[in-house]
Amino acid sequence: MTRLKMHREADQDALDLMRGLMSMNVTLVLVGVGIRQSGLLTGGHYDAASGQWRFLPRKDGKSYFNDEAGTQTDRRFDLIDLDPFRYDTPARIAAWTTHLAGLEDCLRLFRAEPGMLTTGDMPEYLFRRIQGVVGLLERLIEDGCAAAIDNGTEKLTVSLLDDIHIDLRDVPGRDPQAGEIPEVPQPPRPAPASKRGRNTVFDDRGPASSSSAS
């Protein structure tokens with residue numbers, strides 16, 4: 001939905017069509033990024049030069065995007081925010097693990113084991129890796145499965161996923177200006193081992209030297 005830009009006449013027509021369909025008791029499920037800030041529900045677009053929302057008339061002189069029409073558009077939609085998963089309470093951890101279990105059931109790797117994504121360090125590792133963003137999780141698992149098939153291991157492990165670099169810039173159909181390419185977190189890396197001096201307590205330093213005074 002955020003691909004609609006209200007400064008384009010064709011996109012204004014598309015939004016008009018959506019409103020018309022909803023007047024016919026048709027339920028539309030629309031997906032987008034930053035809907036509240038996009039100005040779509042108010043029929044406006046963001047003017048970067050002025051830093052304000054603008055409500056421009058159509059080229060034919062008809063403007064459906066005035067304050068009244070914007071209010072009508074807003075009333076037609078129920079916004080449901082789909083936030084990323086969290087990993088800070090038992091309930092949220094359980095919800096994340098349940099999601100991983102559903103994803104695991106869909107995998108068809110030959111050597112996949114029960115709990116491959118839901119036991120041990122894997123749930124926490126996957127969360128740290130993608131910060132709870134479902135789209136990034138799907139891409140990571142998809143690329144991980146392709147790597148597991150190519151190298152013959154046929155299962156997902158932390159070491160295998162560590163070598164997977166997520167890059168959504170080459171995914172066809174995504175619009176960077178619509179916020180469809182999220183920032184990808186860097187893979188977690190283990191902290192470098194601290195360099196400690198060697199214990200010399202039991203070293204043999206030879207006979208103690210003696211000195212004499214005349």
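This is a short tour of one chain, moving from the whole fold to helices H5 and H6 and then to a few single residues.

**The whole chain**

Start with everything displayed, and keep in mind that this is a predicted model. Colour by secondary structure and you should find seven helices and two strands. Following the sequence from its start, the order reads α-α-β-β-α-α-α-α-α. Switch on a surface next: the accessible area of the chain is about 14900 Å², and carbon and sulfur atoms contribute 52% of it. Of the 214 residues, 28% count as buried. If you like contact maps, look at pairs with a separation of 6 or more: 60% of those contacts join residues 24 or more positions apart.

**Helix H5**

Now select residues 122-130, which form helix H5. How many of the nine residues of H5 are buried? Seven of them are, so this helix is largely enclosed by the rest of the structure. Show side chains for the buried set: Met 122, Pro 123, Tyr 125, Leu 126, Phe 127, Arg 129 and Ile 130. An arginine is on that list, so it is worth keeping Arg 129 displayed for a later stop. Add H4, H6 and H7 to the view, since these are the helices that the buried residues of H5 pack against.

**The turn into H6**

Step just past the end of H5 to Gln 131, where phi is positive at about 55 degrees. This residue is not a glycine, and it sits in the loop that links H5 to H6. Its relative accessibility is 40%, which means that Gln 131 counts as partly exposed.

**Helix H6**

Select residues 134-151 for helix H6. Try a quick check with the distance tool: why should the helix span 26 Å? It has 18 residues at 1.5 Å a residue, and the span counts the steps between residues, one less than their number; the end C-alpha atoms of H6 are indeed 26 Å apart, in agreement with the expected value. The buried residues here are Leu 136, Leu 137, Arg 139, Leu 140, Ile 141, Gly 144, Cys 145 and Ala 148. They pack against H4 (90-105), H5 and H7 (158-162).

**Where H5 meets H6**

Hide all but these two helices. Two packed helices are described by the angle between their axes and the distance between the axes. Here the axes of H5 and H6 come within 9 Å and cross at roughly 115 degrees, and the crossing is right-handed. From H5, the contact uses Leu 126, Arg 129 and Ile 130; from H6, it uses Leu 136, Leu 137, Leu 140 and Ile 141. By type, these residues are six nonpolar, no polar and one charged.

**Beyond H6**

Follow the chain out of H6 and you arrive at Gly 152, with a positive phi of about 85 degrees. Then centre on Glu 154, in the loop between H6 and H7. Is Glu 154 buried or exposed? With a relative accessibility of 9%, it counts as buried. Its phi is near 60 degrees, a positive value in a residue other than glycine.

**Last stop: His 99**

Finally, bring back helix H4 and select His 99 within it. This histidine is partly exposed, with a relative accessible area of 27%. Leaving aside residues up to four places away in sequence, His 99 touches Phe 85, Val 134 and Leu 137. Leu 137 is also one of the H6 residues in the contact with H5. To finish, draw a line from the C-alpha atom of His 99 to that of Leu 117: they are 18 residues apart along the chain and separated by 9.8 Å.

Methods: Residues are numbered from 1 along each chain as its sequence is written. This is a predicted model: local features need pLDDT of at least 70, side-chain atom pairs count only at pLDDT 80 or more; totals for chains, interfaces and linings use all residues. Side-chain values use heavy atoms; hydrogens and water are left out. Helices (H or I, at least four residues) and strands (E, at least two) are DSSP runs, numbered from the N terminus. Buried means under 20% relative accessible area, exposed over 50%, partly exposed in between (1.4 Å probe, protein chains only). Contact means heavy atoms within 4.5 Å. Axes are lines fitted to C-alpha atoms, for helices over the stretch in contact, and angles run from 0 to 180 degrees between N-to-C directions. A crossing is left-handed if the near helix is turned anticlockwise from the far one by less than a right angle, and right-handed if clockwise. Ala, Val, Leu, Ile, Met, Phe, Trp, Tyr, Cys and Pro count as nonpolar, Asp, Glu, Lys and Arg as charged, and the others, Gly among them, as polar. Accessible areas come from the Shrake-Rupley method with a 1.4 Å probe; for residues, only the protein chains shown count as cover.
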